[in-house]
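These are my notes from one sitting with this structure. I went from a helix to the aromatic rings and then to the strands.

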Amino acid sequence: MAADPYTTLGVSRGASEKDIKSAYRKLAKEFHPDANKDNPKASERFNEVTHAYDLLSDKAKRAQFDRGEIDADGNPAGPFGGGGGFGGAGFGGGHGGQRGFGGGFGNDEGIDLEDIFGGIFGGGARGGAGGMGGRGRAAPRGANVNYRLAVPLLDAAELKPQRITLSDGKTIDLKLPAGLEDGTQMRLSGKGESGPGGAGDAIVTLQIQAHPFFKQDGDDLRLDLPITLDEALRGAKVKAPTASGAVMLSVPAGASSGKVLRLKGRGMTRKDASRGDQYIILQIVLPEADSESGADLAHRLEGWSDGRDVRGKLGG
């Protein structure tokens, strides 16, 4: 049986959803297989904390576990805690067979388990699949299967569906959730391993991939945009990439490197389906000195100098 999920995550039973999520993220990063390729035990620990988080992040299952209705594996607990009897006494053992308590009340004559338990369990003590009106331990489900899916940053911003191939070779197109973050998990019901009580689930951990040009900053995206000196001096209309396609951007005349322009609603998709912004940082790129363009620029600027004290405010 799996260890107590609260102990596995190192949180108290009264921990909030936020505390549980925070603890899982910390442990998942620490024991992630990709970060512990030389430590096979780290993979086992990663699966343990993921299993614990799966249970505690499900409000219904957490409540059932807290009430003792299911165990740490998510399987139904036995009606008497799995002990098989009352204080080790057990049923049977007397010459009255099913009618008696083996270590019971001294005289088993006239004691009928159906009379005692019928009102509690709604059925006969002798009948049913579980031996008490059919309320016995349910057959266990198959194990959950964990997957990791890399999602391109711009696809995450636009919530573009992602295709994943399961262990059985079947492919599924996943609809990404609003408010997607690195480490967000999705549960695919019944897509895990098969078992006597039905198939387990597939748990997909989404990992947002870094982009060569765009950088994520919370709900926003940032992009360094190269411009030429003449575009900066005179101003220009330039093409700028965004997650949803290129747009024409107005560069104001006299723009300096580092000037920030904002494109509203072009960032990541939030939980409420609104969008963050995209910030564009202008970067003036001069031509190489030994290039034709560089030589021409140097010739044109020969004898000219900018007399401003641009570093005066720095002091010294």
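**Helix 3.** I looked up the burial of helix 3 first; Ala-42, Phe-46, Val-49, Thr-50, Ala-52, Tyr-53, Asp-54, Leu-55 and Leu-56 are buried there. The model is a predicted one. Next I checked what these buried residues touch: they pack against helix 1 (5-9), helix 2 (17-31) and helix 4 (59-66), and also against strand 1, strand 4 and strand 5. I then took the length of helix 3, which covers residues 40-56, 17 residues in all. From its first C-alpha to its last it reaches 25 Å, close to the 24 Å expected at 1.5 Å a residue.

**Aromatic pairs.** I searched the whole structure for aromatic pairs and got two. In one of them, the ring centres of Tyr-6 and Phe-65 are 6.2 Å apart and the planes are at 40°, so I entered the pair as tilted. Tyr-6 belongs to helix 1 and Phe-65 to helix 4, 59 residues apart, and the pair thus links distant parts of the chain. Tyr-6 counts as buried at 2% relative accessibility. Phe-65 is buried as well, with a relative accessible area of 11%.

Tyr-24 and Tyr-53 form a stacked pair, with 4.4 Å from centre to centre and 10° between the planes. This pair also links distant parts of the chain, with Tyr-24 in helix 2 and Tyr-53 in helix 3, 29 residues apart. I found both Tyr-24 and Tyr-53 buried.

**Strand 5.** I turned to strand 5 (residues 202-209) and found six of its eight residues buried, so I noted the strand as mostly covered. Strand 1 (residues 145-152) runs parallel to strand 5, and eight bridges join the two. Tyr-147 stands opposite Val-204 of strand 5. Strand 4 (residues 185-188) runs antiparallel to strand 5, with four bridges between them. Here I noted Gln-185 opposite Thr-205.

**The four-stranded sheet.** I also traced an open sheet of four strands, in the order 6-7-11-10 and with mixed pairing. Which strands stand at its edges? Strand 6 (214-217) and strand 10 (260-263) do; each has a single partner strand, so one side of each is left without a neighbour in the sheet. The twist averages 30° from one strand to the next.

Strand 6 and strand 7 (residues 220-227) run antiparallel and are joined by four bridges. Lys-215 has Arg-222 in strand 7 as its bridge partner. I followed the side chain of Arg-222 as a last entry: its charged end sits over the ring of Tyr-279, 5.0 Å from the ring centre.

Terms used: Residues numbered from 1 in each chain as written. Predicted model: local features only at pLDDT ≥ 70, side-chain atom pairs only at ≥ 80, totals over all residues. Heavy atoms only, no water. Pairing = 2+ DSSP bridges. Axes fitted to C-alpha atoms, helices over the stretch in contact; angles between N-to-C directions. Buried < 20%, exposed > 50% of the residue type's maximum accessible area, 1.4 Å probe, protein only. Expected span 1.5 Å × (residues − 1). Contact = heavy atoms within 4.5 Å. Phe/Tyr/Trp six-rings, centres within 6.5 Å; stacked < 30°, edge-to-face > 60°. Lys NZ or Arg CZ within 6 Å of the ring centre and 35° of its normal.
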